[in-house]
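Biologist: Before we discuss how the two chains meet, could you put the sequence and the structure on the screen?

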Amino acid sequence: MNAMNHGNAPVWVIADQEKGNLLPVTPQLVGKARGLAHELETTVDVVLLGDGIEAHARSLIAAGAARIFMGNDPELANYHPEVYSGVIVKLAHEYQPQIILMGSTSVGRELAPLVAARLGTGLTAHCIDLGINQDGILDQIIPAYGGEITIVCPERRPQMATIAQGVFPAPELDRERGGEVVSIAGPFQSSGRMETLEVVIEQPEGIPLGTASVVVAGGAGAGDETGWNEIVQLSTILKAGLGCTRPAVDEGWADLESMIGQSGKMVSPDIYLGIGLSGEQQHMVGITGAKVMIAINNDKKSPVFSQVDYGVVEDCRSFLRVLLEKIREYKEQKANN
Amino acid sequence: MKIVVCMKAVPDPKKASDIKIDPETKTLVRRDVPMVINPLDRHALEEALRIKAENDAHVTVLSMGPPQAGNIVKECLALGADTGILLSDPNFGGADAFATAYTLAMGIKKLGDVDVVLCGMASSDGATEWVGPEMAVMLGMPVVTMVKEISGYEGQSWEVKAALENGYRRVKVQLPAVFTVTRDLNSPKTLSFSGIIKARKKSITQWGFTDLGVPAETVGVKGSPTIVTEMRPVENTREVLFLTGSRDEKADQLVQKLVEVGVL
């Protein structure tokens, strides 16, 4: 779709639910969308698909939505790429939103490109901020190359972006606020080329990163499995959530689920320890509001040292061995006193 | 079975932090960062080669990039791919994810009768994950992203496990289809000497803009819905205090610091 007269076209948020529970990213995006819509003198609509989700329509109106397009149907209970993207694309053609925001969740990061490609428009991945520029166009900010870059979609509409959970705060709910719920009728059928047989939710191991008050994050500087294991030991002994940068995932030391940053998890610990990592923006933007930040890196010129409170210039592998020993000694002494 | 693996040449992720935004010019300063196979695409190729070893499959590697990206395609041939195609043309330059997906999709259409398209779930440089699913839309194929296991092949129907935040989904898909893969899928093998020797006989096909027969406004910077309007370096966010002394003394100070802030 091309930009025509999108003066008062609405700002959309696609809601994200898992087994009927609304994910926190959705109200966060509605809150941000409301700010953008205010600047554009328009309103926020939410597309809410699932089964048994009526209650969420009320809470999303309380979060700032003026209108909810609700598909509440057993056929929509589980995410289906064809069905979900089909519903959203059809609605987008009919109601012509100027902006569509989606969560960088596992569903959102598959669904967003399907919708964008079918609408023939641009899509910016994992934004860390959004704003409206003087031309009324959405500035989409992402971290890159030790800084930030602004991306815009100047002509085609809608302008689309994904945003991770925790980038924007949860809005205050106003239960008095009124809004409209538009029911979307089926049938919701797919071509049958794809079928979800089962959705399995597993309990994550260890201390959940998202809520940990201490986070230990490791990067390429670990060098190998042995070096990585020392970072794991440090996180265990400090009862910290264990995070990592992309190189640690690429090396196979850590899971994708533990990656912190723009395309991973957002964390907000009191204390952050970054070990053997270079302080790339893609990682550092994932840490918000930490009271104390500490980094260990063998290169004094590493960019990580301009983003922390305390720095240790040492090879993390040999340093961690000493540090772990001293922490154990301290704990033993403390236990004996 | 005809398998296409889409491959991106990326700056070596271990050295990618050498590419910086110049604070004065607000443009990129690129030191000599070598180009390597996007790590996740390497897992896609490995899976294709595994399927080839078990079934009768032909593996084509398809990459879009500058002529130097040919080295990456060559490396894939040495790893065991049968055919290598490089989509390279000045007209393709400056493509965003959408235009890249379109150009690759047109390359796949030109190949014809493709059963499976594999690629990494993300690129290490742009960190977008859009090329796989957008190609699928443009090719009219179903797609499963973040595949961590291909658990069943039954003719034209595959069963895969795809990662979710806290778990996975099992999905059954009719071929032809696009799959984007995670690193859990397999452990890529390293280059072998015999592979390098065999690859000497294989040549890379290069397709340019005219070979694809598409309108100029659909590729490269013209075919890209999005553009970068500004780059800025991030300023120091905190004032660092370096712990000093011997390694032992630094460790003592750090333990003390951890006690002060209540971690120990």
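Modeller: A salt bridge here is a side-chain nitrogen of Lys or Arg within 4 Å of a carboxyl oxygen of Asp or Glu. Please keep in mind that this is a predicted model.

Biologist: With which residue does Arg238(B) form a salt bridge?

Modeller: The closest N and O atoms of the pair are 2.8 Å apart, and the rule accepts a nitrogen within 4 Å of a carboxyl oxygen. Across the interface of chain B and chain A that rule finds 9 salt bridges. For Arg238(B), the partner is Asp309(A).

Biologist: How much area do chain B and chain A bury between them?

Modeller: The contact draws 89 residues from chain A and 74 residues from chain B. Within chain B, Trp130(B), Glu165(B) and Arg238(B) lose the most area to chain A, together 10% of what that side buries. Of the area buried between the two chains, 61% lies on carbon and sulfur atoms, and the total is about 7500 Å².

Biologist: Which helix gives the largest share of the side of chain B that touches chain A?

Modeller: By class, that side of chain B has 41 nonpolar, 20 charged and 13 polar residues. The largest share of it, 10 residues, comes from residues 247-260, which form helix α7 of chain B.

Biologist: Which strand of chain B is joined to strand β18 of chain A?

Modeller: The two strands run parallel and are joined by 2 bridges, with β18 covering residues 310-313 of chain A. Gly311(A) stands opposite Phe242(B), and the strand of chain B, residues 241-242, is β15.

Technical notes: Residues are numbered from 1 along each chain as its sequence is written. Chains are lettered from A and ligands numbered from 1 in the order in which they are written. This is a predicted model: local features need pLDDT of at least 70, side-chain atom pairs count only at pLDDT 80 or more; totals for chains, interfaces and linings use all residues. Side-chain values use heavy atoms; hydrogens and water are left out. Contact means heavy atoms within 4.5 Å. Buried area is the accessible area (1.4 Å probe) that two parts lose on being put together, summed over both. Helices (H or I, at least four residues) and strands (E, at least two) are DSSP runs, numbered from the N terminus. Ala, Val, Leu, Ile, Met, Phe, Trp, Tyr, Cys and Pro count as nonpolar, Asp, Glu, Lys and Arg as charged, and the others, Gly among them, as polar. Two strands pair if DSSP finds at least two bridges between them.
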